[in-house]
Amino acid sequence: MILHSTPLSAYLKSTELVFELENDPALIQPLINQIQQQTGQMVDCRDDRWQMQFQVALEEAVTNAMLHGNLEISSSVREEMDGSVVELMKHRNSVTPFCDRRLTVRVNIAPDRVLVEIQDQGPGFDVSSLPNPTEDDFLERAHGRGVMLMRAFMDEVNFNACGNQVTLIKRP
């Protein structure tokens, strides 16, 4: 009989998490916390900056998929600070087709990378039509820089042809 002193977790090569979420922004932070907890068990990412970048990119991607994708709420509505976006979210979550749409988040964690796929059930969008968030018109806006932040903080960001799925890859 061979006795091993190496913990079993050292032999784990990858793990996968799959979430199917309703369009409730209150689920975003618990989702990110769960993903970060699982990531921390497999990926050597003790760097606070890595963790912060990973968290911001995930938050942007999930929020975009939920609000812009599934609920089809435009950025211009989010710009209004009068609470209309909250009322519109409540309304859309109570009528079809919006109330039936779900957000699927697939996470594959390996020691050398974390891959996150976020897919909404909305109509998608043309990624090439995104405005440049560094132009003067956008610098003062509170929203509209999510994709730029994802691209800055992740090693890879790819959208499917339809524009309703983003794949994020982060390496330690």
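This briefing describes a sheet, the helices that lie on it, and a few contacts made by aromatic rings.

The structure is a predicted model, and its five-stranded open sheet, with antiparallel pairing, follows the order β1-β2-β3-β5-β4. Two aromatic pairs are found in the structure, and in addition the charged end of Arg92 is placed over the ring of Phe98.

**The sheet**

- Strands of a sheet pair through backbone hydrogen bonds, and this pairing can be either parallel or antiparallel.
- In this sheet the pairing is antiparallel, and the five strands lie in the order β1-β2-β3-β5-β4.
- The edges are formed by β1, which covers residues 15-21, and by β4, which covers residues 156-159, and each of these strands pairs on one side only.
- If direction is ignored, neighbouring strands of the sheet are turned against each other by 10° on average.
- Seven bridges join β1 to β2 (residues 103-110) in the antiparallel sense, and within this pairing Val18 has Arg106 of β2 as its bridge partner.

**Helices on the sheet**

- Helix α1, made of residues 28-42, packs on the sheet and touches β1, β2 and β3 (113-119), while its direction makes about 15° with that of β2.
- Helix α6, made of residues 146-153, lies across β4 and β5 (165-170), and it runs at about 135° to β4.

**The pair Trp50 and Phe54**

- The ring centres of Trp50 and Phe54 are 5.1 Å apart and the ring planes stand at 25°, so this pair is stacked, given that planes under 30 degrees apart count as stacked.
- Both residues belong to helix α2 (residues 48-70), and because they are four residues apart there, about one helical turn separates Trp50 from Phe54.
- Trp50 and Phe54 are both buried.

**The pair Phe125 and Phe159**

- The ring centres of Phe125 and Phe159 are 5.6 Å apart and their planes stand at 80°, so this pair is edge-to-face, given that planes over 60 degrees apart count as edge-to-face.
- This pair links distant parts of the chain, since Phe125 is in the loop between β3 and α5 (136-139), whereas Phe159 is in strand β4, 34 residues apart.
- Phe125 has a relative accessible area of 32% and is therefore partly exposed, and Phe159, at 22% relative accessibility, also counts as partly exposed.

**A charge over a ring**

- The charged end of Arg92 sits over the ring of Phe98, at 4.7 Å from the centre of that ring.

Notes:
Residues are numbered from 1 along each chain as its sequence is written. This is a predicted model: local features need pLDDT of at least 70, side-chain atom pairs count only at pLDDT 80 or more; totals for chains, interfaces and linings use all residues. Side-chain values use heavy atoms; hydrogens and water are left out. Two strands pair if DSSP finds at least two bridges between them. Helices (H or I, at least four residues) and strands (E, at least two) are DSSP runs, numbered from the N terminus. Axes are lines fitted to C-alpha atoms, for helices over the stretch in contact, and angles run from 0 to 180 degrees between N-to-C directions. Contact means heavy atoms within 4.5 Å. Rings of Phe, Tyr and Trp (its six-membered ring) pair if their centres lie within 6.5 Å; planes under 30 degrees apart count as stacked, over 60 as edge-to-face and the rest as tilted. Buried means under 20% relative accessible area, exposed over 50%, partly exposed in between (1.4 Å probe, protein chains only). A charge sits over a ring if NZ of Lys or CZ of Arg is within 6 Å of the ring centre and within 35 degrees of the ring normal.
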